[in-house]
Each structure stands twice: as C-alpha cells, then as structure tokens.
Amino acid sequence: MSRVDTAVDNKLEEIGSDEAKALEGKAAIANARLAYELFENKFANDPRWAALEAKGAKKQRPLWASTGTKNPAYSDCVYVDELVAPLIVNTMPEKTLNALADHGNGAPTIKVPTKSPTPSWPSSLSWASTSRLSPTSWKPTASLPSSSPGIPSLLTSRLASTASTAELLA
C-alpha cells in the first residue's frame with residue numbers, strides 16, 4: 001500500500017499543482033478499494049465460482065501488503081483503518097499493529113454491493129463503517145487487554161491466539 005502512495009505521490013509532487021497535492025496519499029487506498037470491489041463482484045456474479053463453491057471451494061482472500069506508513073504526514077494506521085473488510089488478510093508490521101491497538105479504528109470500512117456487475121468508483125463504496133463480520137463463527141482462544149479500543153475483539157483474539165496459520169484461515 002504505502003509503496004503505491006510513495007510512487008504516485010512522487011509524480012504528484014512533480015506536477016506540483018494544488019489539485020495534484022490534494023490527491024497525495026489517496027492512490028493506494030483507492031486502488032485497494034477497487035481491487036476489493038472486483039473481488040466481491042467476481043465471487044458474487046460468476047456462475048463458474050458458484051458451481052465451485054457448491055462443491056466446497058473456498059475463496060482466495062485478498063492480501064494487503066506494505067501497510068506500514070512510510071510518509072510521516074499520514075496516519076500510522078491509514079492503510080489498516082481505511083481498508084478493513086471481510087476476508088482481508090493484512091500483513092501489517094508490528095509497529096502498525098501496535099499503533100492500531102493504541103489509537104486505530106479497526107472497524108470495517110469497505111462496503112461493496114455484491115450484485116453490481118462492474119466496479120464504479122466512488123459511488124458504490126462507502127467510507128462509513130459498516131458491520132459485516134460475524135464473530136460467532138469461531139471461538140477466540142485469547143484476547144488483548146480491553147485497553148486496546150482500536151482493535152475489534154475478532155481481530156485481537158486471532159492476533160493473540162497461538163493457533164496455526166491454517167487454523168486462522170479456516
């Protein structure tokens with residue numbers, strides 16, 4: 001994520017206009033949201049996928065990488081807080097995880113209609129938080145202290161768990 005913004009921000013700085021400056025720090029999140037919308041639509045509207053799922057196939061989950069913030073002008077949780085959605089895997093570094101636990105939001109921030117035939121930015125994406133996670137589908141084995149308001153219990157339980165990766169992804 002941050003690598004996309006770093007590259008795009010460099011180009012925007014070269015342009016130097018007020019309009020270009022206003023776009024700094026927005027490319028990575030916009031790109032990831034579009035990717036997530038494509039992911040949602042593919043699995044919602046593809047008859048081949050429906051047939052595979054009926055036979056027990058599981059979705060390949062999107063992965064957000066490079067979610068540590070490199071630009072100190074941006075929130076240290078921006079690439080996590082702005083991209084929380086069902087089925088996402090996030091490879092955030094420990095520094096970002098600690099920032100999220102300290103002052104991040106961590107609530108779902110991507111809402112994509114699953115019956116839209118083609119992606120359209122930004123009208124089909126909501127910047128508001130919506131709850132689409134179901135914490136009842138698994139049993140937590142541990143949790144971080146309640147003094148970690150920025151991380152939902154679903155996330156903290158999985159992070160603090162000693163379960164294997166395969167168990168976490170099941």
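These legends walk through several close-up views of one predicted protein model.

Because the model is predicted, local features need pLDDT of at least 70 and side-chain atom pairs count only at pLDDT 80 or more, while totals for chains, interfaces and linings use all residues. Residues are numbered from 1 along each chain as its sequence is written, and side-chain values use heavy atoms, with hydrogens and water left out.

**View 1. The whole protein, with its eight helices and two strands.** Helices (H or I, at least four residues) and strands (E, at least two) are DSSP runs, numbered from the N terminus. Starting at the N terminus, you can follow the elements in the order α-α-α-α-β-α-β-α-α-α. The protein has 170 residues, and 35% of them count as buried. Here buried means under 20% relative accessible area, exposed means over 50%, and partly exposed is in between (1.4 Å probe, protein chains only). About 10,200 Å² of the protein is exposed, with carbon and sulfur atoms supplying 58% of it. Accessible areas come from the Shrake-Rupley method with a 1.4 Å probe, and for residues only the protein chains shown count as cover. A contact means heavy atoms within 4.5 Å. Among contacts with a separation of 6 or more, 59% are between residues 24 or more positions apart.

**View 2. A cluster of aromatic rings joins Tyr36, Phe39, Phe43 and Trp49.** Rings of Phe, Tyr and Trp (its six-membered ring) pair if their centres lie within 6.5 Å; planes under 30 degrees apart count as stacked, over 60 as edge-to-face and the rest as tilted. By this rule there are three aromatic pairs. How are the rings of Phe39 and Phe43 arranged? Their centres are 5.0 Å apart and their planes stand at 75°, so this pair is edge-to-face. Phe39 and Phe43 sit four residues apart in helix α3 (residues 27-45), about one turn of the helix, and both are buried. The rings of Phe43 and Trp49 also make an edge-to-face pair, because their planes are at 75° with the centres 4.7 Å apart. Like Phe43, Trp49 is buried.

**View 3. A salt bridge links Arg33 with Glu82.** A salt bridge is a side-chain nitrogen of Lys or Arg within 4 Å of a carboxyl oxygen of Asp or Glu. For Arg33 and Glu82, the closest N and O atoms are 3.6 Å apart. Arg33 belongs to helix α3 and Glu82 to the loop between α5 (78-81) and β2 (89-90), so the pair ties together parts that are 49 residues apart in sequence. Are the two partners buried or partly exposed? Arg33 is buried, with a relative accessible area of 0%, whereas Glu82 is partly exposed at 26%.

**View 4. Two more salt bridges pair Lys21 with Glu24 and Asp46 with Lys42.** In total, the structure holds three salt bridges. Between Lys21 and Glu24, the closest N and O atoms are 3.8 Å apart. Lys21 is partly exposed, at 47% relative accessible area, while Glu24 is buried, at 19%. Between Asp46 and Lys42, the closest N and O atoms are 2.7 Å apart. Asp46 is buried, with a relative accessible area of 15%, and Lys42 is partly exposed, with 48%.

**View 5. The largest nonpolar core brings together 16 residues.** A nonpolar core is a set of buried Ala, Val, Leu, Ile, Met, Phe, Trp, Tyr and Cys residues joined through side-chain atoms within 4.5 Å. Met1, Tyr36, Trp64, Tyr79 and Leu83 have the most contacts inside this largest core. Helices α3 and α5 each supply at least two of its residues, and α3 gives the most, with six. Leaving out residues up to four places away in sequence, Met1 touches Ala28, Ala32, Trp64, Ala65, Ser66, Thr67, Tyr79 and Leu83. Apart from this core lies another one, of five residues, including Cys77, Val80, Met92 and Ala99.

**View 6. Thr96 sits in helix α6 (residues 94-103).** Which residues does Thr96 contact, leaving aside its neighbours within four places in sequence? They are Thr67, Gly68, Thr69, Asp76 and Val80. Thr96 is buried, with a relative accessible area of 4%.

**View 7. Val8 is part of helix α1 (residues 2-15).** Val8 counts as partly exposed, at 30% relative accessibility. From C-alpha to C-alpha, Val8 and Ala28 are 8.6 Å apart in space, and they are 20 residues apart in sequence.
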